[in-house]
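Me: I am new to this structure and would like a close look at just one part of it. Please pick a run of neighbouring strands and walk me along it slowly, explaining the terms as you go.

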Amino acid sequence: MSEPIRLQTTSAEVVVTPALGAAVAHYALADGTPVFRPSPASVRSPFDLACNLMVPWCNRVSAGGFSHGGRFHPLEPNLPDQALPLHGNGFQRDWQVVDRTPTLAEFELISRGPGPFHYEARVRYALHGAALTVDLGVWHWGETPLPYGLGLHPWFEKTADTTLQFAADAVITTDAALLPVGRQALGAVPDWSFSGPNGLPVHGIDNAFSGWPGLARLRWPSRNLLLTVESAAPLRCCHVFTPGAGANFFCFEPTTHLPNAHNWDGAAPDGLTELAQGDGLETRTVFTPGPLA
């Protein structure tokens, strides 16, 4: 089991925990200002960490699995408090260190499962000044082609003046099981429109957005902090989560596909990517913190 690895520049510090899903446990500026929500001293759940990796899919999968290529592939729930399999299995596994310098670290996971998946995943974290670049990729090694998806699950501190800003073409509405049932124009629910800087909804949100162009801005005026999130294609969906007014955190998650894309007809570019043996899917996201203008 690998020990946590620290990346550092004169502007920022990042700590990655390979034994806990190669998740980021700490990302802060040199003056101590947190960029991601700090992890507690005692981590009881992978979601106590600051940024989780989602591979080989993001969010929930319904129906006990999915059909692909004329065959049904069962998937079991992977968390005790969840009725459906959630976020793949990469966030629950021990990753191996394959490269590291004072400002860069790369990790690898080879997984047989969950279900039919047999894959290799790699993640590379690199600090340039205060900016963190995350390159996450997956390569399929099974004989039968399968649909894959990737995403990042960063956690952020939510303050009274926190705002979120990004463009999208629709918000995905859900049922009681948080599975998608349709699309809705952003203007229909003003609390869910983030085309300009908007606070997090008082009553909470756990919804995906389609047609995201890959740019978001998170602002904390009381901390004089702006975080720009830039994701390259195929990360063209995003997910926003916070339980509501009493919560001190929120998540803004770049993803390659919508929730339950395995079983729900989400039109491109919201779908999974079919990979044949040896094929790969690669993503890049850059988090750039700085003062508010």
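Reply: What follows is a walk along one run of paired strands, with a look at its turns and at the core it feeds.

A word on the basis first: this is a predicted model, in which local features need pLDDT of at least 70, side-chain atom pairs count only at pLDDT 80 or more, and totals for chains, interfaces and linings use all residues. Residues are numbered from 1 along each chain as its sequence is written, and side-chain values use heavy atoms, with hydrogens and water left out.

Let's begin at strand S7, residues 96–101. The strand names come from DSSP: helices (H or I, at least four residues) and strands (E, at least two) are DSSP runs, numbered from the N terminus. Strand S7 runs antiparallel to S8, and five bridges join the two. Strands count as a pair if DSSP finds at least two bridges between them. If you would like one place to look, find Val97, which sits opposite Phe107 in S8. The link from S7 to S8 is a hairpin through two residues.

Now follow the chain into strand S8, residues 104–112. Is this strand enclosed or open? Seven of its nine residues are buried, so S8 is largely enclosed by the rest of the structure. Here buried means under 20% relative accessible area, exposed means over 50%, and partly exposed lies in between (1.4 Å probe, protein chains only). On to the next partner: S8 and S9 are antiparallel too, with nine bridges between them. Ser111 faces Tyr119 of S9 across this pairing.

The turn between S8 and S9 deserves a pause. This hairpin has five residues between the strands, and within it Gly113 has a positive phi near 110°. Gly113 is also joined to Pro114 by a cis peptide bond, with omega about 5°. Pro114 itself belongs to the loop between S8 and S9. As background, most residues other than glycine have a negative phi, and most peptide bonds are trans.

You can compare that turn with a loop elsewhere in the chain. Val55 and Pro56 are linked by a cis peptide bond, with omega about 5°, and Pro56 lies in the loop between strand S4 (51–54) and strand S5 (65–68). Ala63 is found in the loop between S4 and S5 as well. Its phi is near 65°, a positive value in a residue other than glycine. Ala63 counts as exposed because its relative accessibility is 60%.

Back on our path, S9 meets S10 through ten bridges, again in an antiparallel arrangement. One bridge pairs His128 with Ala131 in S10. The hairpin here has two residues between the strands, and Gly129 takes a positive phi near 65° in it.

Strand S10 covers residues 131–140, and nine of its ten residues are buried, leaving the strand mostly covered. From here the next pairing takes us to strand S22, residues 280–290: eight bridges join it to S10, and the two run antiparallel. Leu136 is a handy marker, standing opposite Thr283 in S22.

How does this run relate to the inside of the model? In soluble globular proteins, nonpolar side chains tend to be buried together. A nonpolar core here is a set of buried Ala, Val, Leu, Ile, Met, Phe, Trp, Tyr and Cys residues joined through side-chain atoms within 4.5 Å. The largest one holds 62 residues, and those touching the most other members are Tyr27, Phe36, Trp95, Tyr125, Phe166 and Phe252. Strand S9 (residues 118–128) gives the most to this core, contributing five residues.

Phe36 shows what such packing looks like. Apart from neighbours within four places in sequence, Phe36 has contacts (heavy atoms within 4.5 Å) with Val24, Tyr27, Ala50, Cys51, Leu132, Pro154, Trp155, Phe156 and Phe287. There is also a second, separate core of eight residues, with Phe47, Phe91, Ala247 and Phe249 among them.

To retrace the walk on screen, start where Val97 stands opposite Phe107, go on to Ser111 and Tyr119, then to His128 and Ala131, and finish at Leu136 facing Thr283.
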